[in-house]
Amino acid sequence: DRDRARTAAACAALRRSESPELLLLRLEEPAIAMQIDGIGSEGAQRALERADARTAELVRCLRAARLREGTALAVAGDRVLAPVHTRVDPNVLLADAGWLPRLPLASREGVWQAIVRSTDMLATVHAESEEAAIAVRSILEEAALATRAFRVLPASVLQQRHGDPRAWFGLEAAPGYVFGDDAAGPLLRAADRRAAGAAVQREIGFALAGAGVRERIVVPEMSALDVAPTLAHLLRLELPEAEGRVLVGVLARTRVAIDGREGTTR
């Protein structure tokens with residue numbers, strides 16, 4: 001229902017006398033279906049079909065507003081999901097050792113000495129002191145070795161993964177495992193979902209067509225980080241701090257600065 005409402009709102013924006021130069025529409029049903037029913041499931045397939053229908057509806061709205069010929073349309077996956085079967089709750093270990101009270105998640109702020117904050121298959125470990133950080137790292141390394149459900153990531157690697165810079169170190173779940181935030185119960189339990197965001201967001205799906213885009217170009221490999229710089233370049237916008245690459249070869253005409261010199265490519 002949210003995806004349907006968002007698509008209707010996007011079409012309403014296109015019907016205005018001054019239509020937007022940039023319209024961003026996020027369709028979230030496929031990701032939710034994959035998490036609940038599993039990747040490749042019938043439910044996920046139906047959700048993808050409905051997402052296709054929403055995209056087709058948006059194209060029809062562009063044509064009705066006589067904007068299709070002058071518009072570039074991009075479809076991109078915004079995260080990589082991986083199948084999971086088991087949940088691991090590292091905070092159980094911290095609570096057992098007395099570093100974290102056994103309180104609901106919303107009640108823990110300000111009353112912990114060390115805590116693990118999870119984001120699907122990647123987690124960050126926070127501590128109020130170096131002593132606490134060293135102690136909980138030893139606990140977590142021992143558990144990682146015993147369970148083989150996750151591994152400890154040094155702070156330097158965590159920063160490469162765009163983790164919280166305030167964390168002392170990180171945790172990466174093994175394939176099939178996902179992190180939870182509970183501080184009570186067993187360390188390992190059956191996961192309540194069938195897919196979760198992967199610890200490393202590598203290759204994504206991406207399609208681009210329309211004004212300013214070359215036809216029938218195949219991109220064999222790209223990162224999610226490449227999407228924003230490429231679209232910004234198409235819009236003649238600057239993203240000086242972007243980490244991704246501009247995929248020059250997919251654009252019909254672009255200007256790229258190399259070594260301070262600007263050249264035009266077709």
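## Strand β2 and its partners

Which strand does β2 join through four bridges, and do the two run parallel or antiparallel? In this predicted model, the partner is strand β7 (residues 176–179), and the two strands run parallel. Within that pairing, V88 sits opposite F179 in β7.

β2 has further partners. Strand β8 (residues 188–190) pairs with β2 in the antiparallel sense, with three bridges between them. V88 turns up here again, since L188 in β8 is its bridge partner. Strand β9 (residues 195–197) also pairs with β2 over three bridges, again in the antiparallel sense, and there A195 is the bridge partner of P83. As for burial, β2 covers residues 81–88, and six of its eight residues are buried, so the strand is largely enclosed by the rest of the structure.

## The chain as a whole

Stepping back, the chain's secondary structure adds up to seven helices and twelve strands. Its C-alpha trace spans about 65 × 50 × 35 Å along the principal axes. Of the 266 residues in the chain, 38% are buried.

What about contacts between distant parts of the sequence? Taking the contacts in the chain with a separation of 6 or more, 61% come from residues 24 or more positions apart.

## The four-stranded open sheet

Another piece to look at is an open sheet of four strands, ordered β3-β4-β6-β5 and paired antiparallel. The edges belong to β3 (114–119) and β5 (150–153); each has a single partner strand, so one side of each has no neighbour in the sheet. On average, and ignoring direction, neighbouring strands of this sheet are turned by 25° against each other.

At the β3 edge, six bridges link β3 to the antiparallel strand β4 (residues 122–127). S118 is found opposite A123 of β4 in this pairing. Then there is helix α5 (residues 130–147), which lies across β3, β4, β5 and β6 (169–173). The helix runs at about 150° to β5.

## Helices α2 and α3

Now for a helix pair. Helix α2 (residues 29–37) packs with helix α3 (residues 42–64) at an angle of about 180°, and their axes are 8 Å apart. The two helices are therefore roughly antiparallel to each other.

Which residues make the contact between α2 and α3? From α2 come E29, P30, A33, M34 and D37, and they meet G43, A44, A47, L48, R50 and A51 of α3. The residues of this contact split into seven nonpolar, one polar and three charged.

Two of the residues in that contact, R50 and E29, also form a salt bridge, with the closest N and O atoms 2.6 Å apart. With R50 in helix α3 and E29 in helix α2, the pair ties together parts that are 21 residues apart in sequence. R50 is partly exposed at 35% relative accessibility, and E29 is partly exposed as well, at 26%.

## Other salt bridges

In total, the structure holds 22 salt bridges. Side chains of opposite charge can pair when their charged atoms come close. One of these bridges joins R6 to E28, where the closest N and O atoms are 3.3 Å apart. R6 belongs to helix α1 (residues 2–14) and E28 to the loop between α1 and α2, so the bridge ties together parts that are 22 residues apart in sequence. R6 is partly exposed, its relative accessible area being 32%, whereas E28 counts as buried at 14% relative accessibility.

R6 and E28 also belong to a network of linked salt bridges, along with R2, D3, R26 and D78.

Back in helix α3, R46 forms a salt bridge with E42, and their closest N and O atoms are 3.0 Å apart. These two residues are four apart in α3, a separation of about one helical turn. R46 is partly exposed, at 38% relative accessible area, while E42 counts as exposed at 60%.

## Helix α7

Last stop: helix α7 (residues 227–234). Buried or exposed: which is it for V227, P229, T230 and A232? These four residues of α7 are buried. The buried residues of the helix pack against two strands, β1 (72–76) and β10 (206–210). After α7 comes R236, which has a positive phi, near 60°.

Notes:
Residues are numbered from 1 along each chain as its sequence is written. This is a predicted model: local features need pLDDT of at least 70, side-chain atom pairs count only at pLDDT 80 or more; totals for chains, interfaces and linings use all residues. Side-chain values use heavy atoms; hydrogens and water are left out. Axes are lines fitted to C-alpha atoms, for helices over the stretch in contact, and angles run from 0 to 180 degrees between N-to-C directions. Angles under 35 degrees count as roughly parallel, over 145 as roughly antiparallel, 65 to 115 as roughly perpendicular and the rest as oblique. Contact means heavy atoms within 4.5 Å. Ala, Val, Leu, Ile, Met, Phe, Trp, Tyr, Cys and Pro count as nonpolar, Asp, Glu, Lys and Arg as charged, and the others, Gly among them, as polar. A salt bridge is a side-chain nitrogen of Lys or Arg within 4 Å of a carboxyl oxygen of Asp or Glu. Buried means under 20% relative accessible area, exposed over 50%, partly exposed in between (1.4 Å probe, protein chains only). Two strands pair if DSSP finds at least two bridges between them.
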